[in-house]
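Walk through this model with me, starting with the empty space inside and ending with the helix pairs.

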Amino acid sequence: MNTLLRSGLLMALLLVGFVGCQKPATPAEYNAKAANPEYYNTALNKLTQVIIHDIFSPPVASRIYAYANLAGYEALVPFDAQYQSLGGKLKRYEAGPAPTPGQDYCFPLASARAFMTVARALTFSVEFYDEFEPSFYEQYKKAGVPDEVYERSMAYGEAVAKHVLDYAAKDNYKQTRGFKHTVTNQDGTWVPTPPAYMDAAEPQWNKLRCWAMDTCNQFMPPRPPAYNLTKGSPYDKELQEVYTIGKSMDKQKQDIAYFWDDNAFVMNVAGHVSYASKKMTPGGHWLAIGQTVARQQKLNLMRTVEMYALTSFALTDGFISCWDEKYRSNMVRPETVINKYMDPKWTPFLQTPPFPEYSSGHSVISTAAATVMTALIGDSIAFVDSTEFKYGHGVRSFKSFRDAANEASISRLYGGIHYRAALDNGQVQGEKVGQWVLQKLHTRKSTVAGR
């Protein structure tokens with residue numbers, strides 16, 4: 001055997017010996033690496049991509065986010081002794097399966113698996129996940145999670161997901177499919193609007209099981225101004241305000257309106273050609289804002305997932321509360337009245353979404369989300385929102401979550417699709433929803449940071 005060959009064999013034996021002597025990562029070590037919030041953020045962003053692709057309406061999208069984040073939270077709870085299951089706190093939700101005592105787990109992996117399993121079950125375009133998941137889970141193996149712990153953690157995440165999906169199956173969602181809103185064509189009531197004249201979206205949404213609220217009408221707002229075209233009536237004043245602003249939109253108002261559009265399905269019509277644009281839903285936008293600030297404030301994984309979960313519940317209850325009111329008051333959109341009685345050529349800056357006007361969904365859910373985020377992360381935290389830059393909606397800066405919610409609300413007046421009462425009363429409605437979520441859904445075993 002020549003010297004070169006002998007040296008090669010020696011080096012190989014030394015390398016094998018070195019690898020064999022390496023100690024496997026301890027649970028504390030691989031859990032610390034796996035608890036990178038960016039892993040969970042990546043999963044959430046993938047779900048948002050699929051929701052946009054599948055064109056889920058804003059209420060339906062909020063439901064998907066809520067169940068996915070509930071699963072992610074519940075599978076992560078054993079990772080931090082300060083936190084507790086939401087069993088017995090969410091409406092008719094019981095705590096799910098517990099990890100086996102004495103066994104090692106990677107709970108950040110279990111959390112991600114639970115989230116992705118629910119996301120896959122509640123959306124359509126599963127090919128997006130097929131492409132995404134192999135490399136996504138490989139990150140946890142690279143973090144040093146042993147094979148047996150990896151398999152056990154994946155199985156635990158799947159068990160939590162199954163429990164959450166069983167809970168989802170009983171929320172009355174399936175029973176609300178296929179219903180259409182009856183259009184009466186009475187003055188002052190909602191009718192389909194240009195350019196697509198679509199049916200009203202989700203007329204039975206108030207039939208869904210609430211998350212924290214006692215009932216869908218628990219936070220019913222005051223009655224909107226009565227439809228009355230008499231000059232100087234409260235309704236007429238609000239109608240004239242929409243019309244006047246719409247005819248004198250400066251660039252600042254246009255930028256604000258377009259930034260917060262968040263219309264999941266916009267029909268573009270040019271002559272005989274029509275095509276649809278897909279955009280982020282309002283709920284997705286607010287979860288992305290939460291992600292931006294969580295990164296900025298360097299929140300750990302547990303606090304990040306807690307924020308996603310509680311914000312999701314505020315969004316879902318916000319939509320249930322708002323949609324309950326929309327189909328109760330059945331208020332006509334400004335575009336319909338202005339075109340019929342004032343100016344047939346007037347068009348709102350934004351495309352009018354397909355459901356009754358009062359109250360404003362943006363105002364309700366934005367204020368609900370901002371209320372929860374303020375309590376969990378803090379007040380007066382300035383941030384830059386570039387969430388929808390890739391969709392051409394620009395970048396805007398805000399002094400706080402509430403500052404952003406206020407702008408989201410007024411954007412609907414600038415857009416020409418809401419009267420002022422829907423904004424003001426919608427914000428009060430959303431504040432009540434957000435505070436109720438914080439009051440009822442205690443994630444921590446002791447009061448920490450106002451929780």
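What follows covers cavities, then two helix contacts.

This is a predicted model, in which local features need pLDDT of at least 70, side-chain atom pairs count only at pLDDT 80 or more, and totals for chains, interfaces and linings use all residues. Residues are numbered from 1 along each chain as its sequence is written, and side-chain values use heavy atoms, with hydrogens and water left out.

Begin with the cavities. A cavity is a set of points, on a 1 Å grid over the protein atoms alone, where a 1.4 Å probe fits but cannot get out; lining residues have an atom within 4 Å of a point. Volume is the space filled by probe spheres set on the points, which are joined across faces, edges and corners. The structure has three cavities of 30 Å³ or more. The largest holds about 90 Å³ of space. It has 14 lining residues, and Met198, Gln351, Thr352, Pro353 and Pro354 are the closest to its centre. Ten residues of this lining are nonpolar, four are polar and none is charged. Here Ala, Val, Leu, Ile, Met, Phe, Trp, Tyr, Cys and Pro count as nonpolar, Asp, Glu, Lys and Arg as charged, and the others, Gly among them, as polar.

The second largest cavity holds about 40 Å³. Its lining includes Pro224, Tyr235, Glu238, Glu357 and Tyr419. Helices α8 (234-247) and α15 (420-440) are the elements that each give two or more residues to that lining. Helices are DSSP runs (H or I, at least four residues), numbered from the N terminus. By class, this lining has eight nonpolar, no polar and two charged residues.

Now turn to helix packing. Axes are lines fitted to C-alpha atoms over the stretch in contact, and angles run from 0 to 180 degrees between N-to-C directions. Helix α4 (residues 58-76) packs on helix α5 (residues 107-122) at about 155 degrees, with the axes 7 Å apart. That makes the two roughly antiparallel, a term for angles over 145 degrees. Contact means heavy atoms within 4.5 Å. Among the residues that meet are Tyr67, Ala71 and Ala75 in α4 and Ala110, Ala114 and Val118 in α5. This contact has 14 nonpolar residues, three polar and one charged.

Helix α13 (residues 361-377) and helix α14 (residues 401-414) cross at roughly 175 degrees, and their axes come within 8 Å. They are therefore roughly antiparallel. Their contact includes Ser363, Thr367 and Thr371 of α13 and Arg402, Ala405 and Ser409 of α14. It divides into six nonpolar, seven polar and two charged residues.

How values were computed:
On a 1 Å grid over the protein atoms alone, a cavity is a set of points where a 1.4 Å probe fits but cannot get out, and a pocket is an open set with protein on both sides within 12 Å along at least five of seven lines; lining residues have an atom within 4 Å of a point. Angles under 35 degrees count as roughly parallel, over 145 as roughly antiparallel, 65 to 115 as roughly perpendicular and the rest as oblique.
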